[in-house]
Amino acid sequence: MAIKVLKDYYGKNSELLQQPQVATHSASEGAASGIIGLLEVAESDFSKLLAEVEADEKEAEEEYVKQTKENKLAKTEKETSLKYTTKEKARAEKSLSELKDDVDAEQTELDSVLEYLAKVNKRCVAKPETYADRVAKRNAEIEGLKNALNILNEETATDSFLSVRTARRHQ
């Protein structure tokens with residue numbers, strides 16, 4: 001709009017003049033083309049800059065929308081993953097608890113069986129005697145046999161006494 005006004009002014013458009021032309025002030029022809037040219041260059045630079053900024057803004061907006069959609073999708077995926085992971089964790093913890101109870105029950109049963117086996121082994125399994133025990137047992141057996149021999153010898157001597165006495169009675 002400013003360019004149009006200036007073109008009209010410097011183009012000697014009489015419609016814009018409300019007063020008769022004064023000699024002290026008049027439009028100079030050389031300055032008009034410089035100012036108008038400068039304004040046209042500024043306008044084209046601003047138009048070009050405005051177009052670039054609008055394109056950049058549109059591209060940034062599209063990138064923002066795209067990134068927002070990706071973020072929503074990623075958030076939904078992670079929330080779903082978290083939900084299923086939480087369920088899986090709860091299931092695994094329940095299973096672990098049940099398995100621990102099973103292990104405790106089995107351990108109790110195993111302890112009972114091992115205790116019973118130990119009792120049975122004490123009664124049923126022959127333990128080898130040590131050398132010292134065998135020697136002591138053998139010596140005790142020999143002593144017992146010696147005592148038995150002595151008793152038999154004494155009885156034989158007594159029997160011979162009794163047999164002599166019985167023989168005298170028969171005579």
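Guide: A salt bridge is a side-chain nitrogen of Lys or Arg within 4 Å of a carboxyl oxygen of Asp or Glu. The structure above is a predicted model, in which local features need pLDDT of at least 70 and side-chain atom pairs count only at pLDDT 80 or more, while totals for chains, interfaces and linings use all residues. Residues are numbered from 1 along each chain as its sequence is written, and side-chain values use heavy atoms, with hydrogens and water left out.

Visitor: What makes the meeting of Arg-91 and Glu-88 a salt bridge?
Guide: The side chains of Arg-91 and Glu-88 come to 2.5 Å, N to O, and since the rule asks for a nitrogen of Arg within 4 Å of a carboxyl oxygen of Glu, the pair therefore counts as a salt bridge. Arg-91 and Glu-88 are three residues apart in helix α2, which means that about one helical turn separates them.

Visitor: Why is Arg-91 called partly exposed?
Guide: Buried means under 20% relative accessible area, exposed means over 50%, and partly exposed is what lies in between (1.4 Å probe, protein chains only). Arg-91 has 48% relative accessibility, so it counts as partly exposed, and its partner Glu-88, with 42%, is partly exposed as well.

Visitor: How do you know that Glu-129 and Lys-137 form a salt bridge?
Guide: The closest N and O atoms of Glu-129 and Lys-137 are 3.7 Å apart, which is within the 4 Å of the rule, so this pair also qualifies. Glu-129, at 41% relative accessibility, counts as partly exposed, whereas Lys-137, at 52%, counts as exposed.

Visitor: Why do Arg-138 and Glu-141 belong among the salt bridges?
Guide: Their side chains meet at 3.6 Å, N to O, so they too satisfy the 4 Å rule. Both residues lie in helix α3 (residues 131-170), three residues apart, about one turn of the helix. By this rule the count comes to five salt bridges.

Visitor: What makes the group around Glu-62 a patch of negative charge?
Guide: Asp and Glu count as negative, and the patch gathers Glu-52, Asp-56, Glu-57, Glu-59, Glu-61, Glu-62, Glu-63 and Glu-70 on the surface. Patches are made of residues with over 30% relative accessible area and no salt bridge, like charges being joined within 9 Å and nonpolar side chains within 5 Å. Glu-62, which is found in helix α2 (residues 29-124), has a relative accessible area of 49%, so it passes the 30% limit.

Visitor: What makes the nonpolar surface patch?
Guide: Phe-46, Leu-49 and Val-53 make this patch of about 310 Å². Val-53 is found in helix α2, and its relative accessible area of 46% is over 30%, so it can belong to a patch.

Visitor: How do you know that Glu-40 is in contact with Ile-3 and Lys-7?
Guide: Contact means heavy atoms within 4.5 Å, and, leaving aside neighbours within four places in sequence, Glu-40 is in contact with Ile-3 and Lys-7. The C-alpha atoms of Glu-40 and Ile-3, which are 37 residues apart along the chain, are separated by 7.5 Å. Glu-40 is found in helix α2 and, at 35% relative accessibility, counts as partly exposed.

Visitor: How many helices and strands are in the chain?
Guide: Helices (H or I, at least four residues) and strands (E, at least two) are DSSP runs, numbered from the N terminus, and the chain has three helices and zero strands. Of its 171 residues, 3% count as buried.

Definitions and conventions:
Accessible areas come from the Shrake-Rupley method with a 1.4 Å probe; for residues, only the protein chains shown count as cover. The place of a charge is taken as NZ of Lys, CZ of Arg, CG of Asp or CD of Glu.
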